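Work through the following exercises with the sequence and the model beside you, and try each task before you read its solution.

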Amino acid sequence: KKVWIISSRRMKIYIISALAIFIMTGGFLINRSVLPVFSTEESPAAFYRADIEEKKVALTFNISWGEDQALPIIDTLKDNDITATFFLSGAWAERHPEITERIVEDGHTIGNHGYRYEHYPRLDDDEIVRDLNLSHKKIKDVTELDVKYFRPPHGDFNETVLEKVEQFGYSTVHWSVGGNDWNNPGVETIVSNITKDVQPGDVILLHASDSAKQTGEALPAIIDKLKNENYSFVDIEELISQADTEVEEIN
């Protein structure tokens, strides 16, 4: 899968062009309040890291199940004055509106993580659009927000999926560093997985579902270690705005 990072200079050109087309066509996107950020002349794209020199990283969390692990993670972020991006399944947001509202109140960014938690490449086009529509609606019902970032369930996507997501009006966000925390390998291992190879501009993937039982304990150590290495934690949008062009193959 090709994952592109778009430079801020080129991004401005793409956004202006997309806006002009959007206005002329009367707005063809399903999610009308959101314009796609990552369109290139060659193919649709997904953001996974920014090629920058400043020591900035973005924390992101996926949530699709349970309510016990999320709140301690949210509390840790608040105690450290850090904002993150939470990719929520629409079904989870529907079942846990209070936690979803807390995430918004604390200033975190909300992203869409699908509704049924299916592998999108296995779905036909209509099924993808229906799932995007349903998850978008459920998240908006709780938050009153038209979210604009999408992370495919299981992190599984191909060019067709990226095309449909872009047509819907979302920007797809992948990740460059993962803790493998969903596998519960041990707190020290999760901390090491995140911190040993981290680089400026990385998008860090962790989980706040109940299946990830060790993430809450690992998070303070991750934060402390990266802060001691002079890293700062920024919103995903800040990384996107500073990104330079780069193409990599993700297997």
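A residue is called buried when its relative accessible area is under 20%, exposed when it is over 50%, and partly exposed in between, with a 1.4 Å probe and protein chains only. Helices (H or I, at least four residues) and strands (E, at least two) are DSSP runs, numbered from the N terminus. The model is a predicted one, in which local features need pLDDT of at least 70 and side-chain atom pairs count only at pLDDT 80 or more, whereas totals for chains, interfaces and linings use all residues. Residues are numbered from 1 along each chain as its sequence is written, and side-chain values use heavy atoms, with hydrogens and water left out.

**Exercise 1. Describe helix 6 and its two ends.**

Step 1: Within helix 6, which covers residues 159–168, the buried residues are Val161, Leu162, Lys164, Val165, Glu166 and Phe168.
Step 2: At the N-terminal end, asparagine 158 acts as a cap, with a side-chain oxygen 3.2 Å from the backbone nitrogen of threonine 160.
Step 3: After the helix comes glycine 169, which has a positive phi near 115°.

**Exercise 2. Find where lysine 148 lies and what its side chain meets.**

Step 1: Lysine 148 sits in the loop between helix 5 (125–143) and strand 6 (149–150).
Step 2: With a relative accessible area of 31%, lysine 148 is partly exposed.
Step 3: Its side chain is joined to that of glutamate 237 by a polar contact of 3.0 Å, where a polar contact is a pair of N or O atoms within 3.5 Å, one able to donate a hydrogen and the other to accept it within protein, and residues adjacent in sequence count only if both atoms are side-chain atoms.

**Exercise 3. Explain which parts of the chain the salt bridge between glutamate 94 and lysine 138 ties together.**

Step 1: Side chains of opposite charge can pair when their charged atoms come close.
Step 2: A salt bridge is a side-chain nitrogen of Lys or Arg within 4 Å of a carboxyl oxygen of Asp or Glu, and in the bridge between glutamate 94 and lysine 138 the closest N and O atoms are 3.1 Å apart.
Step 3: Because glutamate 94 lies in helix 3 (residues 90–95) and lysine 138 in helix 5, the pair ties together parts that are 44 residues apart in sequence.
Step 4: Glutamate 94 is partly exposed at 36% relative accessibility, while lysine 138 is buried at 19%.
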